[in-house]
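Colleague: I'm new to this one and would like a close look at a single part of it. Could you pick the sheet and walk me through how it is put together, along with the helices you'd want me to notice?

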Amino acid sequence: MKGLAMLKIGEIGWIEKERPACGPRDAVVRPLALAPCTSDIHTVWEGAIGDRHNLILGHEALGIVDEVGSEVKDFKSGDRVIVPAITPDWETDAAQRGFPSQTGGPLGGWKFSNSKDGVFGEFFHVNLADYNLAHLPKGMSLEAGVMLPDMLSTGFAGAENANIKFGSTVAVLGIGPVGLSAIAGAKLRGAGRIFAVGTRPASVKVAKEYGATHIVNYKEGDTVEQIRNATNGEGVDAVIVAGGGYEVMMDAINVAKPGSVVSNINYFGSGMGDQDVIPLPRIGWGFGMADKNIMTGLCPGGRVRMERLAEVVMCGRMDPALMATHVFKGFDKLEEALLLMKEKPKDLIKPVVIVEE
Ligand code: NAD
Ligand code: ZN
């Protein structure tokens, strides 16, 4: 079978591999719709998870089940499914402690395009199919559905971890597809004012549709000053960090008011200086005593999570398809879509590849 792979750091290409084998509780799936993630870009061009050779990329997919193992109960060949980006080992102690994304070590629930081949192949393997697949609801568009495995799950986790109350004031730093999903999540959690910090025109438009009440251009002025000025100097109840380098955590802490949560879902590709650290503002953090709490999270995965996100969409609470700005048809277009994600033109939010209708 064919797959789009990371050949080594800085290089991608099409390779041939054996079709994966199916264990008794697993499934082999072929792609229906795929989307590249900013994390694929970090993986290949920044060597974010270390060097990988001939590793098939991708972790955002809808699929058609091709084969199931003998012990799989709820799925059969031909079923159309949502495949979560994170497919935990549900029997592990980390999962039982309530952190399934961290099974087998930090970020260990993230297998596709990390510890095993990803979904950018003609076939891919899904562990524990009954727990890590969800049926794609009839009537859900592929453009909407393919946002669930990672974008919606991660962005909503940012809002969930931020302890948003009805009427809370929220700032979302970074409005790519992850931050936009966080804005939609914050609105659904009952936020009052939502400050969307970003500049890309396509994103600004969707940010407003998803519930942003204020747009803050961080390139034309200081983020903290602008948000403080708009909140009588107080700052916000919750900050969701969904973009930027390590300096963004300074803004996040400085703009958070005492008793707030700074909820990070961003990937930090590098730290400051030789010690590779992420600095926090000592005074802005109340000398470490201002009850400004930092939460972090990897995308939640698994079946129930996907089913719940699908409910949100099917009940018309938000439309994730608005983020699918560039839609390609055909598996062969995957490389073009991935390179577009790397280039990030101003009119791009998320490229999507429809493999089969
Ligand atoms: P994106 O690049 O499309 O969006 C991030 C935006 O933030 C960019 O437009 C960038 O210009 C902007 N930005 C940079 N500095 C900023 C600043 N100081 N203030 C405000 N905005 C700033 O990326 P995305 O696809 O939305 O993903 C966002 C991040 O989330 C990436 O780092 C990605 O790797 C990570 N991610 C994490 C998870 C997870 O499980 N936690 C899952 C998926 C993606
Ligand atoms: Zn991702």
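Modeller: One term before we start: a residue is called exposed when over 50% of its relative accessible area is open, and buried when that value is under 20%. Keep in mind, too, that this is a predicted model.

Let's begin with the sheet. It is an open one, made of 6 strands in the order β11-β10-β9-β12-β13-β14, with parallel pairing. At the edges sit β11 (214-216) and β14 (292-296), each of which pairs on one side only. Neighbouring strands are turned by 20° against each other on average, direction ignored.

Now walk across it, starting at β10 (residues 194-197). Ile194 and Ala196 point one way from this strand, while Phe195 and Val197 point the other way, and all of them are buried. That fits a general habit: in a regular strand, side chains alternate between the two faces of the sheet. β10 is joined to β9 by 4 bridges, and the two run parallel. Within that pairing, valine 172 stands opposite alanine 196 in β10.

Valine 172 is a handy marker, as it also stands opposite isoleucine 240 in β12. β9 and β12 pair in the parallel sense over 4 bridges. β12 itself is mostly covered, with 5 of its 6 residues buried.

Step on again and 5 bridges join β12 to β13, once more running parallel. Here alanine 238 has valine 261 in β13 as its bridge partner. Valine 261 carries you to the edge, because it stands opposite asparagine 293 in β14. β13 (residues 256-264) and β14 are joined by 5 bridges and run parallel.

A helix lies against this sheet as well. Helix α9 (residues 248-255) packs on it, touching β9 (170-173), β12 (236-241), β13 and β14. The direction of α9 makes about 145° with that of β13.

Next, a single residue: serine 203, found in helix α7 (residues 201-210). Its relative accessibility is 1%, so serine 203 counts as buried. Leaving aside neighbours within four places in sequence, serine 203 is in contact with Ile175, Gly176, Leu180 and Ile349. With isoleucine 175 there is a polar link too: the side chain of serine 203 reaches the backbone oxygen of isoleucine 175 at 2.8 Å. Serine 181 is 22 residues from serine 203 in sequence, and their C-alpha atoms are 11 Å apart in space.

Last, have a look at helix α10 (residues 303-314). At 1.5 Å a residue, its 12 residues should span 16 Å, and the end C-alpha atoms are indeed 16 Å apart. Its buried residues are Arg303, Arg305, Met306, Leu309, Ala310 and Val313. Seen down the axis of α10, they fall within an arc of 160°, so they line one face of the helix. In general, an α-helix has 3.6 residues a turn, so residues three or four places apart point the same way. The cover over the buried residues of α10 includes β6 (80-83), α3 (129-132), β8 (134-135) and α5 (148-161). On the other side of α10, Arg308 and Glu311 are exposed. Just after α10, glycine 316 takes a positive phi of about 75°.

Note on methods
Residues are numbered from 1 along each chain as its sequence is written. Chains are lettered from A and ligands numbered from 1 in the order in which they are written. This is a predicted model: local features need pLDDT of at least 70, side-chain atom pairs count only at pLDDT 80 or more; totals for chains, interfaces and linings use all residues. Side-chain values use heavy atoms; hydrogens and water are left out. Two strands pair if DSSP finds at least two bridges between them. Axes are lines fitted to C-alpha atoms, for helices over the stretch in contact, and angles run from 0 to 180 degrees between N-to-C directions. Contact means heavy atoms within 4.5 Å. Buried means under 20% relative accessible area, exposed over 50%, partly exposed in between (1.4 Å probe, protein chains only). A polar contact is a pair of N or O atoms within 3.5 Å; within protein, one must be able to donate a hydrogen and the other to accept it, and residues adjacent in sequence count only if both atoms are side-chain atoms. The expected span of a helix is 1.5 Å times one less than its number of residues. The arc is that of the directions from the helix axis to the C-beta atoms.
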